[in-house]
Amino acid sequence: MRYVSTRGQAAPRDFEGVLLAGLAEDGGLFMPETWPQLSAADLAALRGMPYADLAAHVIGLFTGGTIAQADLLAMCRDAYGRFDHKAVVPMVQLDNRVFALELFHGPTLAFKDMALQLLGRLFDHVLAKRGQRITIVGATSGDTGSAAIEACRDRAAVDIVILHPENRTSEVQRRQMTTVLSPNVANIALKGSFDDCQDAVKAMFNDAAFRGEMSLAAVNSINWARIAAQIPYYIYAALQLGAPERKVAFSVPSGNFGNVLAAYAAHRMGIPVERFIIGANRNDILARFLASNDMSMKPVEPSLSPSMDIQVSSNFERLLFELLGRDAAATADQMNRFRAEGRMPVPDAAWQKARAQFVGFTLDDAGTLTEMRRLHAEAAGYIADPHTAVGTAAAAAHLPADPAVPVIVASTAHPAKFPDAVREALGITPPLPAHLADLYEREERFTVLGNDLEQVEGFVRAQARRNR
Ligand SMILES: Cc1ncc(COP(=O)(O)O)c(C=O)c1O
Ligand SMILES: N[C@@H](CCOP(=O)(O)O)C(=O)O
């Protein structure tokens, strides 16, 4: 299994290479050269497997033998064994057509744990084998940061620096990151938006000298290993609802486009999918693109679903690569134009291909609160976090015409991460689980920096030097 860059100018890698590289040297994103296939017989064999075993099998199709399958299985069992639900990713039926796939039963209460608990172990495994050390730099709008920190804290061969937009996450999200005082962990509160944080991370990767000096690695979904580890839950859920004999639809509250891209990958591997429904808050570049081919950047605006306050959806580049028939030169051209002009008119044929499979939906804050109340009233008291509510509202708005097709909504975060929104909607304060009960009493440590690459690189260098 080899991986190629969406922009065609970086050397292909194997899985281990991609895990450590993060962003390709040409600024593109790595993609598997071909999609591994799961036949009907393969899928039948996966049905009923415990989640960790199914995950090891599916992820193993991407490792190309670079990680021994027995080691991968042990890492999956160890990672998902820490989740607080026996099913790891339980599905809750919300009505006769719509199911919430709860992806937030890991240690930091968001779907990011599904991939990052495994990635932490994969990094350790590969770095020990190679005798290497890495510096992870990551951008977060609130959830990737804490999941990555939790997965990498105190690991011997890893330093981790996470950039979050100052004052733009929920307080719980910020404290989950900034109260981890391990010497290999550092937090930057950047004066700017998530897009500025993500730009800074990409700029560090594109600074070849700095990248080499620091041995930079990525925990964001620009790293293919993140996507690979998010595919199994879509397969697991679809099998429970009758795939591959029965089609399903997926509704995914989206920001950086990694989670819905994992659903698309599950489809390319053999899961029949009627439609992908993309939920957005007022930062709705993806929904605008699908509605009218308007892929144009606007300033990021704060919303009740802060983790989706994103305009530049990194993983859209991977879909674009597919839509353009894997033409890397055309993909690079489009992405460069987007960077230069802030807009990207996608060729009509590619846009039509996207519209044949994807539909977008936008929900403002008032609509999000209304949807949280509707779920609570109509779905047996279900308390959804504001991101999940965007997904369920999107599902309700775009139910497939065929009544036999169920919709699986990615339920991406625990409501206790967003107590203000839940209180505003329902007048209830959802309690944090026991391991986070004293979160508000813990000491916080973070550094506020301006949106300035030199300052950020200086901070990362100092942090890495301290531990070498
Ligand atoms: C709770 C939550 N929901 C939805 C999203 C959007 O997911 P993606 O960035 O993969 O599109 C995020 C951020 O990634 C998130 O943290
Ligand atoms: N919503 C994310 C933003 C980063 O997304 P990623 O999937 O690329 O890591 C967050 O919560 O940080």
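The following exchange concerns two ligand shells, one annotated domain and the residue S215 in a predicted model.

In this predicted model, local features need pLDDT of at least 70 and side-chain atom pairs pLDDT 80 or more, while totals for chains, interfaces and linings use all residues. Residues are numbered from 1 along each chain as its sequence is written, and chains are lettered from A and ligands numbered from 1 in the order in which they are written.

Student: Which helix gives the largest share of the shell around ligand 2?
Tutor: The shell holds 13 residues, with T140, D143, T144, N220 and S221 the closest; a residue belongs if its C-beta atom, placed from the backbone, lies within 6 Å of the ligand. Helices are DSSP runs of H or I of at least four residues, and strands are E runs of at least two, numbered from the N terminus. Three residues of the shell come from residues 143-152, helix α6.

Student: How many nonpolar residues does the shell around ligand 1 have?
Tutor: Ligand 1 has 15 residues around it, among them D143 and N256. Ala, Val, Leu, Ile, Met, Phe, Trp, Tyr, Cys and Pro count as nonpolar, Asp, Glu, Lys and Arg as charged, and the others, Gly among them, as polar. Beside nine polar and one charged, the nonpolar residues number five.

Student: Is S215 buried or exposed, or in between?
Tutor: S215 lies in the loop between α9 (208-214) and β8 (216-217). Buried requires 20 or more other C-beta atoms within 10 Å of the residue's own, and exposed 12 or fewer, with C-beta atoms placed from the backbone. Because S215 has 16 C-beta neighbours inside 10 Å, its class is partly exposed.
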